[in-house]
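Student: I would like a close look at a single part of this protein. Please take it slowly and connect it to its surroundings.

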Amino acid sequence: MTSLTGRALRLTVYIGEDDTWHHKPLYSEIVHRAHAAGLAGASVFRGVEGFGASSRIHTSRLLSLSEDLPVAIVVVDAEQRIRAFLPQLDELVGEGLVTLEDCEVIRYVGRGADGDEADPKGKRSL
């Protein structure tokens, strides 16, 4: 597991839910490439409403037929590792927004071998 504390970069990629790469969801390709690159982690968040450069509003409201909801992929890791990953995004993201923000990692703890969250004091978390 990657050790990560202190200064870091948060990479956020905003795309549409229906965006694809070789017939599979683009957000999935980005997450799998981040994993293959050894980055600390990635999460995908689905928006309920939003608009981007096209100024077209996408919403999950029933009266709207838009299904291409906004999606944000968030990756946090050390600056040099995030910057090394950016060329892959250039290849993948044709339309969307990519941002970088400085952040500070306070705690980065994975799950133990038995599936419980690891705790430095030996306690089990629920």
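Which residues line the second largest pocket?

Tutor: The model is predicted, and what follows describes that model. The lining of the second largest pocket consists of L4, A40, G41, A42, S43, F45, V74, V75, V76, V105, R107 and Y108. By class, 9 of these residues are nonpolar, 2 are polar and 1 is charged. The space they surround has a volume of about 200 Å³.

Next, consider where the lining comes from. Two strands, β4 (42-46) and β7, each supply at least two residues to it. Strand β7 covers residues 70-77, and V74, V75 and V76 are among the lining residues.

One of these, V75, leads on to a neighbouring strand. L11 stands opposite V75 in β7. The two strands concerned, β1 and β7, are paired antiparallel through 8 bridges. β1 also pairs with β8 (residues 97-105), again antiparallel, and here there are 9 bridges. Within that second pairing, R7 faces E104 in β8.

In a regular strand, side chains alternate between the two faces of the sheet. With that in mind, turn to the nonpolar cores. The largest of them has 17 residues, and those touching the most other members are L11, V13, I15, I30, I73, L89 and V93. The elements giving two or more residues to this core are β1 (6-16), α1 (26-36), β7 (70-77) and α2 (79-92). Another core, of 5 residues, lies apart from it and includes L4, A8, A40 and C103. Two of these names, L4 and A40, have already appeared in the lining of the second largest pocket.

In the 17-residue core, I30 makes a useful example. Leaving aside residues up to four places away in sequence, I30 touches V13, I15, I73, F85, L89, L92 and V93.

Finally, set the pocket beside the largest one, which holds about 440 Å³ of space. The largest pocket is lined by 18 residues, and the closest to its centre are I15, G16, G52, A53 and G96. Its lining takes two or more residues from each of β1 and β7, with β1 giving the most, 3 residues. By class, this lining has 8 nonpolar, 6 polar and 4 charged residues.

To return to the starting point, β7 contributes at least two residues to the lining of the second largest pocket, gives two or more to the largest core, and gives two or more to the lining of the largest pocket.

Technical notes. Residues numbered from 1 in each chain as written. Predicted model: local features only at pLDDT ≥ 70, side-chain atom pairs only at ≥ 80, totals over all residues. Heavy atoms only, no water. Core = buried A, V, L, I, M, F, W, Y, C linked by side-chain atoms within 4.5 Å. Buried < 20%, exposed > 50% of the residue type's maximum accessible area, 1.4 Å probe, protein only. Helix = DSSP H or I, 4+ residues; strand = E, 2+ residues; numbered from the N terminus. Contact = heavy atoms within 4.5 Å. 1 Å grid on protein atoms, 1.4 Å probe; cavity = no way out; pocket = protein on both sides within 12 Å on 5 of 7 lines; lining within 4 Å. Points joined across faces, edges and corners; volume = space filled by probe spheres on them. Nonpolar A, V, L, I, M, F, W, Y, C, P; charged D, E, K, R; others polar. Pairing = 2+ DSSP bridges.
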